[in-house]
Amino acid sequence: MSVYQFEERPASVILGRRGLFKVVGLCAVAAGATGWAVGDLLANRNSVLLARQKGLYADDKLCQAMNLTSSHQNPVVRQIYVDLGAAPMDNTMYGLLHTHYFQRSQLSAHH
């Protein structure tokens, strides 16, 4: 008998051959499920991009039908100009309304 109440036992005593196979099997199932989920996300990426593209084209067609050929002709944007006392090319409006493009591969470097 040990002097200490809790004695470290070898792993082979704690986790026998059968238990090891169970743990390895569970790890394999978890890895397979994770791999399937990632693969499924990548496979569906194209359909998401195509749906977004279709929506953007529909928005463009709607704006063309309303004779809105540029953003400053939009009634909502016009009201913002009135409320802020600004014009389409003011620095304030440029900062508020314009976006900047970043390559997706570089997004992680900006955060």
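**View 1. Arg78, a partly exposed residue of helix H3**. In this predicted model, Arg78 has a relative accessible area of 49%. Because a residue must pass 50% to count as exposed, Arg78 is classed as partly exposed. The residue is found in helix H3. Leaving aside residues up to four places away in sequence, Arg78 touches His72 and Gln73. Pro88 stands 10 residues from Arg78 in sequence, and the two C-alpha atoms are 8.8 Å apart in space.

**View 2. The two ends of helix H3**. Helix H3 covers residues 75–84. At the N-terminal end, Asn74 acts as the cap. A side-chain oxygen of Asn74 lies 2.9 Å from the backbone nitrogen of Val76. After the helix comes Gly85, which has a positive phi, near 60 degrees. Among the elements of the protein, H3 has the highest mean pLDDT, 85.

**View 3. A nonpolar patch on the surface**. The patch is formed by Val76, Ile80, Leu84, Leu96 and Leu97. Together these residues have about 450 Å² of accessible area. Two helices, H3 (75–84) and H4 (91–97), each supply at least two residues of the patch. The largest share, 3 residues, comes from H3. An α-helix has 3.6 residues a turn, so residues three or four places apart point the same way. Val76, which belongs to this patch, also provides the backbone nitrogen in the cap made by Asn74.

**View 4. Leu97 in helix H4**. Leu97 lies in helix H4, which covers residues 91–97. The relative accessibility of Leu97 is 38%. Since the partly exposed class runs between 20% and 50%, Leu97 counts as partly exposed. Leu97 is also one of the residues of the nonpolar patch, as is Leu96.

**View 5. The whole chain, for orientation.** The secondary structure comes to 5 helices and 0 strands. From the N terminus on, the order of elements is α-α-α-α-α. The protein has 111 residues, of which 4% count as buried. The accessible surface comes to about 10,400 Å², and 61% of this surface belongs to carbon and sulfur atoms. The average pLDDT of the protein is 77, and 82% of the residues score at least 70. Helix H5 (residues 107–110) has the lowest mean pLDDT among the elements, 60.

Technical notes. Residues are numbered from 1 along each chain as its sequence is written. This is a predicted model: local features need pLDDT of at least 70, side-chain atom pairs count only at pLDDT 80 or more; totals for chains, interfaces and linings use all residues. Side-chain values use heavy atoms; hydrogens and water are left out. Patches are made of residues with over 30% relative accessible area and no salt bridge: like charges are joined within 9 Å, nonpolar side chains (Val, Leu, Ile, Met, Phe, Trp, Tyr) within 5 Å. Accessible areas come from the Shrake-Rupley method with a 1.4 Å probe; for residues, only the protein chains shown count as cover. A salt bridge is a side-chain nitrogen of Lys or Arg within 4 Å of a carboxyl oxygen of Asp or Glu. Helices (H or I, at least four residues) and strands (E, at least two) are DSSP runs, numbered from the N terminus. Buried means under 20% relative accessible area, exposed over 50%, partly exposed in between (1.4 Å probe, protein chains only). A polar contact is a pair of N or O atoms within 3.5 Å; within protein, one must be able to donate a hydrogen and the other to accept it, and residues adjacent in sequence count only if both atoms are side-chain atoms. Contact means heavy atoms within 4.5 Å. pLDDT is the predictor's confidence in each residue, from 0 to 100.
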